[in-house]
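Morning, everyone. I have one structure to take you through today. Here it is.

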Amino acid sequence: MGFFTGPYGLVTSFVFWYPFMMALFWMAGSLLFLRTKEPKNDTLDIDGFDWPMISILVPCYNEEETIEETVQNLSGLSYPKKEILLINDGSTDQTSVIMERLSKQYTNVRVIQLEQNCGKANALQVGLFASRAEYLVCVDADALLSDTAPYYMIRQFFIKGERVGAVTGSPSIRNRNTLLSRMQLVEYASIIGAIKRMQRLIGKVMTVSGVVVTFRKKALVDVGLWDRDMITEDIAVSWKLQKRFWDVRYEPRAICWMLVPETLSGIWKQRIRWAQGGQEVVLRHWRIIFSWKQRRLWPIFLEQCISTIWAFCWLFVTVMLVFSADQVQDLFIWFTLTSFALVFISMIQLFIALIIDSRYNRVMKYYFWAAWYPSIYWMVNTAVVMAAVPRAIKSRKKGGYAVWSSPDRGLKKM
């Protein structure tokens with residue numbers, strides 16, 4: 001077919017080879033991280049260390065269905081010195097009432113009531129000002145931490161040096177009843193974990209996990225705290241820390257159980273928010289590409305830009321194929337061969353990543369559901385990226401607080 005050898009051949013090749021090569025890159029990074037950063041016989045000596053105090057910040061907006069279970073989990077952690085700060089960001093349901101009751105029930109729980117919804121970043125800042133500890137463990141209101149998670153994250157600050165500004169944990173899905181939730185389980189356990197492992201080897205990560213991350217308070221103060229006008233405060237603060245040469249670490253053993261959307265509309269809103277947040281960061285920090293001091297951020301900056309370009313190229317190639325194919329069978333052969341190759345390499349990558357993650361989390365039995373993931377991911381991701389671009393541009397012009405809402409967490413299904 002002439003389309004593949006004509007002036008559009010380069011774009012067509014890019015659309016195919018970019019995801020193919022990225023899958024190989026993630027595989028290599030995961031295996032190398034396993035070899036060099038995840039020792040097999042690494043034991044956690046809980047009793048042999050004087051653990052510092054931690055402040056657990058839980059920002060909430062309309063979390064009446066989840067907050068009590070989360071507080072019960074956090075209060076029951078064996079970590080010796082901790083306080084729990086619940087920040088109610090202007091909730092319109094019964095969240096504030098439940099919080100007040102929990103503060104009387106648990107001696108280590110304090111409550112901060114904010115009258116107006118000004119966003120998660122603003123709530124975290126208020127929590128930081130009220131906190132008593134140097135280390136801030138930030139978790140979402142649906143999060144259930146494994147008992148060893150705080151130990152593993154805090155230990156990183158001491159064994160990796162004074163320049164560690166943040167340690168991100170490993171989110172895992174706890175609602176596993178539907179096809180959509182199981183696909184996301186595979187994604188969190190393999191794709192997201194593999195990307196973080198690969199990025200950590202390069203030296204910089206795109207983002208900490210907003211659902212579970214520990215910050216050094218001094219580092220946050222140094223970079224001016226969270227950006228309250230960015231829709232994804234976790235991505236934004238990750239870049240601010242790394243631009244100021246604070247180290248961001250990934251700790252796969254710090255497991256956090258979370259809820260995910262189980263409806264298409266819920267997933268769509270979540271992914272739009274993620275994509276918009278990544279693009280907002282690129283628009284705000286694009287000047288790093290001209291700074292040699294920031295060269296270690298170049299790979300993740302370029303990857304974010306190239307992924308956005310790829311989405312538009314995929315749409316362009318698809319439309320051009322439909323209108324330029326000499327015969328229907330040419331179109332069928334192209335989509336069949338390319339889809340098979342991409343699904344095949346994705347299945348290998350998912351298999352390797354799930355084996356690695358199964359060392360800490362029993363997810364290997366869900367490999368069957370991985371078959372659905374590569375066939376849907378690239379198309380959904382393309383639509384999400386393209387829809388997020390105008391939102392990111394508009395938000396940069398608008399400014400102001402980036403308010404939030406409590407996401408779909410599949411509670412009805414559970």
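One term before we start: a residue is called buried when its relative accessible area is under 20%, exposed when over 50%, and partly exposed in between. By that rule, 56% of the 414 residues of this protein count as buried. Keep in mind that this is a predicted model.

Now the overall layout. The protein has 12 helices and eight strands. It exposes about 18,700 Å². Carbon and sulfur atoms supply 61% of that area. Look at the contacts next. Take those with a separation of 6 or more: 83% of them come from residues 24 or more positions apart.

Let's go to one helix, α8, residues 233-243. How many of the residues of α8 are buried? The count is 10 of 11, so α8 is largely enclosed by the rest of the structure. The buried ones are E233, D234, I235, A236, V237, S238, W239, K240, L241 and Q242. Yes, charged side chains are in that list: E233, D234 and K240 are all buried.

What does α8 pack against? One partner is helix α9, residues 264-285. Two packed helices are described by the angle between their axes and the distance between the axes. For α8 and α9, the angle is about 30° and the axes are 8 Å apart. Angles under 35 degrees count as roughly parallel, and that makes α8 roughly parallel to α9. The crossing of the pair is right-handed.

Who meets whom? From α8 we have E233, I235, A236, W239, K240 and K243. From α9 we have R273, W274, G277, G278, V281 and H285. By class, this contact has five nonpolar, three polar and four charged residues. Among the α8 residues in this contact, E233, I235, A236, W239 and K240 are also on the buried list.

Now the loops on either side of α8. Before it comes the loop between α7, residues 217-222, and α8; L225 sits there. Phi of L225 is near 65°, a positive value in a residue other than glycine. Buried or exposed? L225 has 9% relative accessibility, so it counts as buried.

After α8 comes F245, in the loop that leads to β8, residues 247-258. F245 is not a glycine either, yet its phi is positive, about 70°. Its relative accessibility is 43%, which means F245 counts as partly exposed. So α8 has a positive-phi residue in the loop before it, L225, and another following it, F245.

Two more sites, away from that helix. P171 is in strand β6, residues 164-173. It counts as buried because its relative accessibility is 9%. What does P171 touch, beyond residues up to four places away in sequence? The list is Y188, S209, V211, V212, C256 and M258. C256 and M258 fall within β8, the strand after the F245 loop. P171 and L144 are 27 residues apart in sequence, and their C-alpha atoms are 9.7 Å apart.

L144 takes us to the last site, T70. T70 lies in helix α2, residues 67-75. Its relative accessibility is 1%, so T70 counts as buried. Leave aside neighbours within four places in sequence, and T70 is in contact with D140, A141, D142, A143 and L144.

That's the tour. Questions, please.

Key: Residues numbered from 1 in each chain as written. Predicted model: local features only at pLDDT ≥ 70, side-chain atom pairs only at ≥ 80, totals over all residues. Heavy atoms only, no water. Helix = DSSP H or I, 4+ residues; strand = E, 2+ residues; numbered from the N terminus. Buried < 20%, exposed > 50% of the residue type's maximum accessible area, 1.4 Å probe, protein only. Contact = heavy atoms within 4.5 Å. Areas by Shrake-Rupley, 256 points an atom, 1.4 Å probe, with all protein chains shown as cover. Axes fitted to C-alpha atoms, helices over the stretch in contact; angles between N-to-C directions. Parallel < 35°, antiparallel > 145°, perpendicular 65-115°, else oblique. Left-handed = near helix turned anticlockwise from the far one by under 90°.
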